[in-house]
Each structure stands twice: as C-alpha cells, then as structure tokens.
Amino acid sequence: ESLSLSLAYIFIYKFDSESYTDSFYTTEVNKVKEERGYTEISTSGIDATCFGYKGGNLYEGYYYIFYCKKNNIYFHTEVATFNILRSGYSKELATMVANKI
C-alpha cells in the first residue's frame, strides 16, 4: 500500500440530562443539514441514535462523520483519509463507543 494520511477523532460529551443531550445533538445535525454538500450514510448496527455523513474527493481527501446520542451522552466520531479503504473506521469507532455506554 502506498503512504496515505488518515486521522481519527472521537469526541464524547456527558450532559446532566437527556434533554440537554437531545438539544445538542439536534443542533449539531441541523448545522450539517443546512450546509448541504454531503451524502448521508447508514447508521445501522450502532446501538445509539446517530446521523452519519460523508464527503470529500480524491484530491482533498475523504471524511466520514457520525454524530450520536445515547442516554445523556453525545459522541462524535470522524475519520479523514486519502485512502477510501479506511472509510469504515468512523462507523466502527461509533459502534465501539456506543457499546461502552
């Protein structure tokens, strides 16, 4: 395999209540939907309420992002890569985090 840059991020926020979590999640998802220019991706298999999307191209790189909530926890996983074969890692990260909550 040739060398390619890949970065992975996991952000986890714990709120005092599920209503705060719901509000934060809804705000984050709505920001993405307002911007457009993305492709929604399946969130099946993740034990949480999630919104997943992808974008990018060969020249600028690809990104795969999941915003999720479960109970009073909000989490966001993101993978940015130039190798499309690594695209599923963001969903795998989201699945792992959801299973730990």
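This section describes the disulfide, the aromatic pairs and a nonpolar surface patch of a predicted model.

The count of disulfides in the model comes to one. This bond joins Cys 50 to Cys 68, with a distance of 2.1 Å from S to S. The link is right-handed, with 115 degrees about the S-S bond. Cys 50 belongs to strand E3 (residues 49-57) and Cys 68 to strand E4 (residues 61-70), so the pair ties together parts that lie 18 residues apart in sequence. Both cysteines, Cys 50 and Cys 68, are buried.

Aromatic contacts were examined next. Across the whole structure, eleven aromatic pairs are found. One of these is formed by Tyr 13 and Phe 24; the two rings are 5.5 Å apart from centre to centre, and with 50 degrees between the planes the pair is tilted. Tyr 13 is part of strand E1, whereas Phe 24 is part of helix H1 (residues 18-35); the pair therefore ties together parts of the chain that are eleven residues apart in sequence. Tyr 13 counts as partly exposed, at 37% relative accessibility. Phe 24 is likewise partly exposed, at 26% relative accessibility.

Tyr 13 also forms an aromatic pair with Tyr 74, and this pair is tilted, with 5.7 Å between the centres and 45 degrees between the planes. Here distant parts of the chain are linked, since Tyr 13 lies in strand E1 and Tyr 74 in strand E5 (residues 73-81), 61 residues apart. Tyr 74 has a relative accessible area of 1% and is therefore buried, as the limit for a buried residue is under 20%. In this pair, a partly exposed residue, Tyr 13, thus meets a buried one, Tyr 74.

Tyr 13, Phe 24 and Tyr 74 are among the members of one aromatic cluster. The cluster also includes Phe 15, Tyr 38, Phe 51, Tyr 53, Tyr 63 and Tyr 67.

Tyr 13 has a further place in the model, as a member of a nonpolar patch on the surface. The other residues of this patch are Leu 5, Leu 7, Tyr 9, Phe 11 and Phe 82. Together, the residues of the patch have about 540 Å² of accessible area. Leu 7 is located in strand E1 (residues 6-14), the strand that also holds Tyr 13. With a relative accessible area of 38%, Leu 7 is partly exposed, because that class covers values between 20% and 50%. Tyr 13 is thus found both in the surface patch and in the aromatic cluster.

Notes: Residues are numbered from 1 along each chain as its sequence is written. This is a predicted model: local features need pLDDT of at least 70, side-chain atom pairs count only at pLDDT 80 or more; totals for chains, interfaces and linings use all residues. Side-chain values use heavy atoms; hydrogens and water are left out. A disulfide is a pair of cysteine sulfur atoms within 2.5 Å. Helices (H or I, at least four residues) and strands (E, at least two) are DSSP runs, numbered from the N terminus. Buried means under 20% relative accessible area, exposed over 50%, partly exposed in between (1.4 Å probe, protein chains only). Patches are made of residues with over 30% relative accessible area and no salt bridge: like charges are joined within 9 Å, nonpolar side chains (Val, Leu, Ile, Met, Phe, Trp, Tyr) within 5 Å. Accessible areas come from the Shrake-Rupley method with a 1.4 Å probe; for residues, only the protein chains shown count as cover. A salt bridge is a side-chain nitrogen of Lys or Arg within 4 Å of a carboxyl oxygen of Asp or Glu. Rings of Phe, Tyr and Trp (its six-membered ring) pair if their centres lie within 6.5 Å; planes under 30 degrees apart count as stacked, over 60 as edge-to-face and the rest as tilted.
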